[in-house]
Amino acid sequence: MTGAPVRTLLLWCPDWPVLAAEIVDGVPATGAVAVLHANRVVACSEAARAEGVRRGLRKREAQARCPRLTVVDHDPGRDARAFEPVVAAVEELAAGVEVVRPGTCALAARGPARYLGGEEAAAERIIEHVAQTCAVESQVGIADGVFAAGLAARAGQVVPPGGTPGFLADLPVEALGRPALADLLRRLGVRTLGGFAALPAGDVLARFGFDGALAHRLAAGRDHRPLAVRRPPVDLAVTADHDEPVDRVDAAAFAARALAERLHDRLAAHGLACTRLGIEAVTAHGQELHRVWRHDGLLTAAAIADRVRWQLDGWLTGSAGRPGARPTRPTAGIIRLRLVPDGVLARADLQPGLWGETGEERERAHRALSRVQGLLGPEAVVTAVLGGGRSPGDQVRLVPWGDERLPARPGEPTGPARGGAALPGRGASPPWPGRLPPPSPAVVLPAPLAATVHDAAGEPVGVSARLQLTAAPARLAVGAARPVEIVGWAGPWPVDERWWSPAESRRRARFQVCLADGAALLLAVESGRWLVEAIYD
């Protein structure tokens, strides 16, 4: 490809994964925060860097350098969602924005420079607008090409036209973002981008391959790929305003059906299908109601109308759900109803099964459970999701029906395999250290039961600081029940969690016991107390 590199303006938000954790999860970015992926730091806050935390450190080493460090798991989806308002703010001043990655976006500098009074004025205006609109600090760099503009943004610099090769020449080869190539170049005596760019292109291709040749072009300032500008998202939501407040279910259902057909037609015009539907309502007293419905298939116009009708029925009838719960009926009738397609995808991506994978029985069950949620709330119907953890109670999380069934913590969803090996197809996450060996208990008690354990002489059995039993267990009494003889036991399996945080630390030992009456229990000793945590089948 020939021609001069495109004059590019790039906006960069430092430590974006940390800022995204603050925006979405409320983790204060002003404190010592580190974002971890695969047990290594991928981003950290300024306060953490002041304590010696750096990218690439292992979790334990980072916490040793900064004991007050707050650890956050890396979530690319969270970073992308939090960055969307920033991109929208940039699009208010300039068109043709390309999202390079969450925290970085680029656009051609020519347009903003012409109508905002020059490149430096455009950079200042965009930084100020992002700060006022999104309360996010950012830096802008302008240079010839996306690669050079990204490096210029790190220094908040505007590189003059034609000065990109000189700007890049003195930068270290690590700026290429290719650690293996940078290490090899340094061992060959090439330490700067200028030195790398001076090598013959043919020799670079023969020695380093295609990726090395591409890096060679970047080092020479010849990055002139066209910007892959994004299209602003189409507003697909539909709204209906009512002059007279609607407080009857039949009237609301009639309005909902017409609104659902409008939404379905709008989606069909763009070749899209809705998988997650947001229902919003505003009452005459200004009360705002909102609920999100999820569906694992294609939402037709009738399916959208049914869910809106169920939700309006739940709101307007004001069912309190469980005894003692306060009524949820709004204080006035509904004057505005809005449907927002919160999750859309191309229709070609959805294909119903041919042999009953998404048959009538499954759809009927889904409709029934969704109907219950519309009347009693999303928490009325929950399903269990298995994840990682050291105890059975830590491995199960209840999620509302229709929500994304993702484990709260990484681990093997179906439990560890015998011998500690990962199950086939589940090897992405290693098994948790200190977990219980199989088999898993059949019943996990919501609240552990107090128990006492005695030895053969009738003395209480305890666990020492070195996690050693004071005597062999002989009898177990649960609560006020009569003691039962212990015919077999295994353990202890110690757990010493979050020892570095006194407020969150937990130290306990677990045992498996078999009783003379045929029962098998999972016991735990914590703070000198015996507890029954689960029952084996």
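How do the residues of the lining of the second largest pocket divide into nonpolar, polar and charged? In this predicted model, that lining consists of 20 nonpolar, six polar and ten charged residues. The second largest pocket holds about 1200 Å³ of space. Its lining comprises 36 residues, of which W12, R55, R101, T104 and R154 are the closest to the centre of the pocket. Several secondary-structure elements supply at least two lining residues each, namely the strands β1 (7-12), β3 and β5 (98-101) and the helices α1 (16-25), α4 (76-91) and α7 (146-155). The largest share comes from α7, with five residues.

Two of the elements that line this pocket, β1 and β5, belong to an open sheet of four strands. The strand order in this sheet is β5-β6-β1-β7, and the pairing is antiparallel. The edges are formed by β5 and β7 (139-144); each has a single partner strand, so one side of each is left without a neighbour in the sheet. Ignoring direction, neighbouring strands of this sheet are turned against each other by 25° on average. Between β1 and β7, which run antiparallel, there are six bridges. W12 has Q139 in β7 as its bridge partner; W12 is also one of the residues closest to the centre of the second largest pocket. A network of salt bridges links R7, E119 and D144. R7 falls within the range of β1 (7-12), and D144 within that of β7 (139-144).

Strand β3, which also contributes to the pocket lining, is part of an open sheet of three strands in the order β3-β2-β4, where the pairing is mixed. Here the edge strands are β3 (40-44) and β4 (70-73), each of which pairs on one side only. The twist from one strand to the next averages 40°. Strand β2 (residues 33-37) pairs with β4 in the parallel sense, over four bridges. Within this pairing, T70 in β4 is the bridge partner of V33.

The model contains two cavities of 30 Å³ or more. The second largest cavity encloses about 40 Å³ of space, and its lining is made up of H242, V246, A252, A255, L312, I334 and L337. Two or more of these residues come from each of β8 (238-246), α12 (249-269) and β11 (334-346). By residue class, six members of the lining are nonpolar and one is polar, with no charged residue present.

In total, 15 salt bridges are counted. Two of them involve β11, one of the elements that line the second largest cavity. In the pair formed by D241 and R336, the closest N and O atoms are 2.7 Å apart. D241 lies in strand β8 and R336 in strand β11, so this salt bridge ties together parts that are 95 residues apart in sequence. D241 counts as exposed, at 53% relative accessibility, whereas R336 is partly exposed, with a relative accessible area of 41%. The side chains of E280 and R338 form a salt bridge with an N to O distance of 3.4 Å. E280 lies in strand β9 (residues 272-283) and R338 in strand β11, so this pair joins parts that are 58 residues apart in sequence. E280 is partly exposed, with a relative accessible area of 26%, and R338 is likewise partly exposed, at 28%.

A salt bridge within a single helix is formed by R49 and E46, whose closest N and O atoms are 2.8 Å apart. Both residues belong to helix α2 (residues 46-50); because R49 and E46 are three residues apart, about one helical turn separates them. R49 is partly exposed, with a relative accessible area of 25%, while E46 is exposed, with a relative accessible area of 55%.

Technical notes. Residues are numbered from 1 along each chain as its sequence is written. This is a predicted model: local features need pLDDT of at least 70, side-chain atom pairs count only at pLDDT 80 or more; totals for chains, interfaces and linings use all residues. Side-chain values use heavy atoms; hydrogens and water are left out. Two strands pair if DSSP finds at least two bridges between them. Axes are lines fitted to C-alpha atoms, for helices over the stretch in contact, and angles run from 0 to 180 degrees between N-to-C directions. On a 1 Å grid over the protein atoms alone, a cavity is a set of points where a 1.4 Å probe fits but cannot get out, and a pocket is an open set with protein on both sides within 12 Å along at least five of seven lines; lining residues have an atom within 4 Å of a point. Grid points are joined across faces, edges and corners, and a volume is the space filled by probe spheres set on the points. Ala, Val, Leu, Ile, Met, Phe, Trp, Tyr, Cys and Pro count as nonpolar, Asp, Glu, Lys and Arg as charged, and the others, Gly among them, as polar. A salt bridge is a side-chain nitrogen of Lys or Arg within 4 Å of a carboxyl oxygen of Asp or Glu. Buried means under 20% relative accessible area, exposed over 50%, partly exposed in between (1.4 Å probe, protein chains only).
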